[in-house]
Amino acid sequence: MSQAKHFLNNPSSLVLDSLTGLCALNPQLALDPHNKIVYIKSHHPSKVALICGGGSGHEPAHAAFVGKGILTSAVCGSVFASPNASQVTQAIKLVDNDKGTVIIVKNYTGDVLNFGLAKEQYAALHPEKADSVKFVVVGDDVAVGRQQGSIVGRRGLAGTVLVYKIAGALAERGASLSDVHNVAEWVAGNLVTIGASLGHTHVPGTAPPSSDLSPDEIEIGMGIHNESGHRRLSPVPPLSDLIPQLLDLLTSTTDPDRSFVPFSGSDDLVLLVNNLGSTSELELAGIVAEIRKTLDRRGFNIQRVLAGTFMTSLNMLGFSITLLRLPKQGEAQAPAASLLLSLLDDTPQAPGWKWSSVSQPLTISEQIVETQRASDAADSAARLSASDPAAFVSRIKKAAQGLINAEPEITRMDSIAGDGDCGLTLKAGAEAVLQKISEGVIDGNDVIRSVIAIAQIAEEAMGGTSGALYSIFFSGLAQGIQSQANDAPRGSITPQMWGQTLSSALEKLYSYTRARPPSRTLVDPLSAFIEAFTKNYKFDDATKAAGKAAEETKNIDAKAGRSAYVEGSRLKDEQVADPGAWGVKIILENLGM
């Protein structure tokens with residue numbers, strides 16, 4: 001579903017408000033508010049100027065790329081609407097210089113017509129400068145095939161920013177107008193881009209879209225103005241299936257409708273992975289990893305990797321892949337690959353350009369370092385058995401399965417009372433416990449080793465705050481059992497020993513958290529259980545006390561933990577128990593079954 005809520009004063013002022021904020025970020029810039037033009041106010045007249053632009057809504061493209069070493073000016077229209085020719089003509093005048101100007105536009109009809117009209121009007125008014133303004137149109141989209149795009153051509157997508165960057169760096173070095181124009185044209189002719197999105201985007205000030213992708217659909221080749229894509233897939237495939245399909249569209253040399261760039265299969269490439277708006281950095285890095293792995297497997301040589309937000313479609317939940325084929329040594333009428341890479345590596349002074357390495361990526365094997373895993377238990381640990389070893393394992397299994405079954409309800413609670421991950425965290429720990437049982441690591445004949453294994457699982461499989469708390473508690477429990485090993489009758493643990501070790505483990509936990517009952521945390525039922533158990537050593541009575549304490553968290557103001565950041569009356573009104581406390585309740589109830 002598209003996100004139809006936005007942070008703004010008014011849809012009509014959004015573009016100008018954004019440009020004003022951009023100027024606050026970049027003191028190099030000047031703003032012509034009437035024409036929505038940002039430009040370098042002190043551009044050196046001996047250097048070629050680069051102008052770009054188009055409809056807004058693709059930020060950081062185009063205005064955030066204005067700065068020394070990349071673009072000289074950007075002309076902005078309304079959201080998804082081209083600026084008019086008068087605006088562009090004014091931009092040409094603002095960056096007038098001794099060497100000439102290159103206009104770079106994405107291949108959309110409105111941009112080509114209005115920027116082209118401005119170029120021709122400027123030439124008519126200034127005939128002596130008619131040859132000093134050059135025009136480059138970038139069409140890198142492979143979703144639009146030759147047959148479909150026979151008249152309009154391929155759409156311009158994120159590959160356009162590579163043209164900006166390389167041509168801008170060359171202009172900054174003082175190159176001639178002809179050289180800057182020719183390099184920009186060559187780069188534009190060797191780009192391919194494909195996008196994929198999980199939903200359409202919403203334009204501020206308009207009604208929400210009447211049609212969108214269903215929750216289990218992904219669209220391949222969607223445009224950056226909500227245009228329909230090449231095809232839809234359902235269900236959404238994993239990256240390992242999706243990325244090869246996208247790369248097939250980009251690099252095919254057998255599809256006559258889409259073989260736009262003459263790839264050979266062993267080409268040197270620049271890879272650009274672009275966030276179309278609201279894809280998380282976590283997901284984007286995973287996408288990069290899958291693309292890199294697939295390209296390596298197919299024999300391509302990645303010389304540079306760039307990833308981040310370069311050209312968006314407002315808040316679209318998607319990404320695009322751009323490949324720039326680098327020229328082979330001695331290739332006719334092509335700039336040297338080393339030149340293109342050095343221009344790409346030059347650091348511009350523009351807030352929109354993302355950091356990237358100036359060297360070829362290392363092989364995966366050079367960067368993956370496998371560290372030695374800690375042993376599941378110390379060799380020096382004493383060996384104590386449970387009074388009923390088979391029941392010990394059986395109960396742990398039931399507790400783990402209980403957590404897995406309760407995951408949806410705990411997740412529901414945590415989506416209200418916290419950050420929504422408690423159920424999945426506990427489920428991950430429970431699944432890891434079951435795995436260790438199947439491997440024989442958790443065994444009723446060696447309680448200390450089993451408890452240490454559970455502590456390690458909490459640390460590694462659960463992670464986060466919950467994992468740390470559980471791991472500290474179980475580590476303390478193992479220490480307590482170990483300290484009483486010599487007093488254990490017949491090498492097994494008595495209820496009294498369990499009571500002492502539970503109490504010492506709770507005190508160990510208190511060394512690392514300020515939470516004390518009642519605090520609306522997992523400490524509440526845990527403390528209630530231990531207090532009741534040490535009175536009469538009856539597990540069922542202690543479990544009931546823990547359950548009561550967990551239920552009571554529905555009526556307690558949070559003093560610690562995830563719920564401390566949530567408005568208290570909402571939790572009480574909705575009668576939501578603390579998810580962590582509920583997890584402890586589930587564990588104890590299933591242990592006692």
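**Burial and exposure in a predicted model**

Student: Is P579 buried, partly exposed or exposed in this predicted model?
Tutor: The relative accessibility of P579 is 0%. A residue under 20% falls in the lowest class. P579, which sits in helix α18 (residues 579-591), therefore counts as buried.

Student: How far is P579 from P237?
Tutor: Along the chain, P579 and P237 are 342 residues apart. In space, the separation between their C-alpha atoms is 32 Å.

Student: What span should helix α1 (residues 14-25) have, and what is the distance between its end C-alpha atoms?
Tutor: Helix α1 has twelve residues, counted at 1.5 Å a residue. The multiplier is one less than the number of residues, so the expected span is 16 Å. This agrees with the distance between the end C-alpha atoms, which is 17 Å.

Student: Which residues of α1 are buried, and which exposed residues does the face turned away from them carry?
Tutor: V15, L19, L22 and C23 are the buried ones in α1. Because they cover an arc of only 100 degrees around the axis, they lie on the same side of α1. The cover over the buried residues of α1 includes β1 (29-32), β2 (37-40), β3 (49-56) and β4 (73-79). On the face turned away from the buried side, the exposed residues are A24 and L25.

Student: Where is L198, and which nonpolar surface patch does L198 help form?
Tutor: L198 lies in the loop between β7 (191-197) and β8 (218-220). Its relative accessibility is 32%, so L198 counts as partly exposed. The patch has about 190 Å² of accessible area in total, and its members are L198, V236 and L317.

Note on methods:
Residues are numbered from 1 along each chain as its sequence is written. This is a predicted model: local features need pLDDT of at least 70, side-chain atom pairs count only at pLDDT 80 or more; totals for chains, interfaces and linings use all residues. Side-chain values use heavy atoms; hydrogens and water are left out. Patches are made of residues with over 30% relative accessible area and no salt bridge: like charges are joined within 9 Å, nonpolar side chains (Val, Leu, Ile, Met, Phe, Trp, Tyr) within 5 Å. Accessible areas come from the Shrake-Rupley method with a 1.4 Å probe; for residues, only the protein chains shown count as cover. A salt bridge is a side-chain nitrogen of Lys or Arg within 4 Å of a carboxyl oxygen of Asp or Glu. Helices (H or I, at least four residues) and strands (E, at least two) are DSSP runs, numbered from the N terminus. Buried means under 20% relative accessible area, exposed over 50%, partly exposed in between (1.4 Å probe, protein chains only). The arc is that of the directions from the helix axis to the C-beta atoms. Contact means heavy atoms within 4.5 Å.
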